[in-house]
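Hi everyone, thanks for making time. I'd like to walk you through one structure today, so let me put it on the screen.

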Amino acid sequence: MAGIGATGSDLDWEPLPEQGWVAPHLAAEFPGLGIAWVEVEGRAARSPEPVLRRLRDLSDRFYGSHAIHMRERPIPWAYRVFFRQIGLDPDRTRTPVEQLALDRLHDGAFTTHGMPADALTIATVETGVALRAFDATRLNGKLCIRDSAPGESLPGKPGEMAQGTLTIADEQAPLALLFGGSSNGGQLEPERRTAIVAVQVKGVPQAAIDEALWIACAAIES
Amino acid sequence: MPDLLDRNTLTALRVGGDERLARAELRRQIARLEHELCRLSVEAFPRLDLDTAVPGHFREPRVAGLEELERVRDALAERIAGARLVLKEQSVVETRNRDLLRQMLAAPAEHKWLRISRADVGEPGCGHWHSRPRLGPLGMLMGWWRVKISSGCPLSGRLAAVER
């Protein structure tokens with residue numbers, strides 16, 4: 001695993017991930033499910049040269065065989081299993097790391113999408129952990145994983161969600177689907193502060209979650 | 001990885017003996033089957049492209065019920081059975097081709113113009129073994145047959161990512 005120094009930046013502070021909560025009945029159904037996040041100064045912008053260089057380095061050491069063998073590695077496999085368990089087909093609705101691998105093979109490289117997306121790409125490819133980014137200034141209270149209540153909808157997406165849809169939510173409303181779908185309700189364009197969110201499932205060690213958040217923070221601050 | 005395959009004994013006891021226990025067991029079985037399917041698809045790569053898709057039941061993530069979990073488990077088991085069969089059939093063909101290759105190398109004249117690729121014997125790369133006459137038509141008339149080994153095609157060019 002490459003050191004974060006490769007991005008050209010070292011963190012001069014230790015990110016302390018905040019632990020969110022999981023609705024009790026979901027925690028009982030899915031032991032090991034968790035959510036953690038870190039807030040960092042940074043807004044949506046073009047990626048700086050160190051991050052672009054890191055993407056190029058990642059592209060150079062990632063091949064088709066990696067993509068195939070990836071699903072045998074514990075963390076990508078854990079997300080595949082979780083997808084099956086929540087009724088999604090990971091060969092159709094790809095897990096985040098497999099989607100990135102597929103895009104890498106399709107595009108010939110990890111292409112830049114600006115910040116914070118590039119930071120998430122680097123951290124996800126390095127660790128396999130599923131990450132999301134939200135505008136931290138728009139979050140209300142602690143983040144959680146819960147199922148949707150009747151009449152709830154995602155920001156920026158018309159129509160109600162089906163009751164029982166698994167979502168990432170703050171204390172006020174759902175922010176995004178837990179997995180699958182592309183709606184972030186505009187939350188992916190942080191204006192000042194970015195919340196990097198990691199979703200943990202059974203089989204993903206806490207150390208990997210911490211490392212993913214740390215790599216993403218370092219990339220954003222580079 | 002093994003902790004995903006373990007029974008959630010404590011959880012199961014804590015939540016009682018209703019359907020949740022059955023769902024936990026089905027999830028454990030799905031994890032085990034998914035592991036096996038991944039192993040088979042990796043084993044088959046790059047010789048075969050196994051179909052590992054098992055239709056999901058929802059377009060959005062939800063807590064799957066007993067029925068859905070059972071369907072996923074059964075579909076995974078079916079896929080695994082199919083993948084094992086395909087791999088076994090492929091293995092039989094490759095073994096037969098390896099025997100043929102051995103015979104061709106021992107007696108090229110008895111296998112005129114026969115060409116066996118690396119893929120035919122389950123090896124990576126695009127090289128091949130080809131039984132051909134030495135010195136062209138003259139060798140053909142004289143019966144000077146030999147097996148020519150191609151080491152495969154060179155890379156078409158530097159990887160695009162290297163150029164950047």
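Look at strand β6 of chain A, residues 166-169: three bridges join it to β7(A), and the two strands run antiparallel. One pair to pick out there is A:T167, which stands opposite A:L177 in β7(A). I should say right away that this is a predicted model.

Let's widen the view. β6 and β7 belong to an open sheet of four strands in chain A, in the order β2-β5-β6-β7, and the pairing in that sheet is mixed. At its edges stand β2 (21-22) and β7 (174-177) of chain A, each with a single partner strand, so one side of each has no neighbour in the sheet.

Now for the other sheet I want to show you. This one is also open, with four strands of chain A in the order β1-β3-β8-β4, and here the pairing is antiparallel. Its edge strands are β1 (18-19) and β4 (130-135) of chain A, each pairing on one side only. Inside the sheet, β3 (residues 34-41) and β8 (residues 193-200) of chain A pair over eight bridges in the antiparallel sense. A:A36, for instance, stands opposite A:A198 in β8(A).

That brings us to the core. Which residues touch the most other members of the largest nonpolar core? Out of its 80 residues, they are A:A123, A:L131, A:I196, A:V197, A:A198 and A:A216. Helix α7 of chain A, residues 206-221, gives this core its largest share, nine residues. If we zoom in on A:I196 and leave aside neighbours within four places in sequence, its contacts include A:W37, A:V38 and A:V40, along with A:L131, A:L213 and A:A216.

Next, a helix pair. The axes of α5 (residues 96-107) and α6 (residues 117-127) of chain A come within 9 Å and cross at roughly 105 degrees. That makes α5(A) roughly perpendicular to α6(A). On the α5(A) side we have A:P96, A:V97 and A:L100, meeting A:T121, A:T124 and A:V125 in α6(A). By class, the residues of this contact are four nonpolar, two polar and no charged.

Last stop, the two chains together. Here 35 residues of chain B are in contact with 39 residues of chain A. Which helix brings the largest share of the chain B side? That would be α3(B), with ten residues. Overall, the side of chain B that touches chain A has 19 nonpolar, six polar and ten charged residues.

That's my tour, and I'm happy to go back to any view you like.

Key:
Residues are numbered from 1 along each chain as its sequence is written. Chains are lettered from A and ligands numbered from 1 in the order in which they are written. This is a predicted model: local features need pLDDT of at least 70, side-chain atom pairs count only at pLDDT 80 or more; totals for chains, interfaces and linings use all residues. Axes are lines fitted to C-alpha atoms, for helices over the stretch in contact, and angles run from 0 to 180 degrees between N-to-C directions. Angles under 35 degrees count as roughly parallel, over 145 as roughly antiparallel, 65 to 115 as roughly perpendicular and the rest as oblique. Two residues are in contact if their C-beta atoms, placed from the backbone, lie within 7 Å. Ala, Val, Leu, Ile, Met, Phe, Trp, Tyr, Cys and Pro count as nonpolar, Asp, Glu, Lys and Arg as charged, and the others, Gly among them, as polar. Two strands pair if DSSP finds at least two bridges between them. A nonpolar core is a set of buried Ala, Val, Leu, Ile, Met, Phe, Trp, Tyr and Cys residues joined through C-beta atoms within 7 Å. A residue is buried if 20 or more other C-beta atoms lie within 10 Å of its own, exposed if 12 or fewer, and partly exposed in between; C-beta atoms are placed from the backbone.
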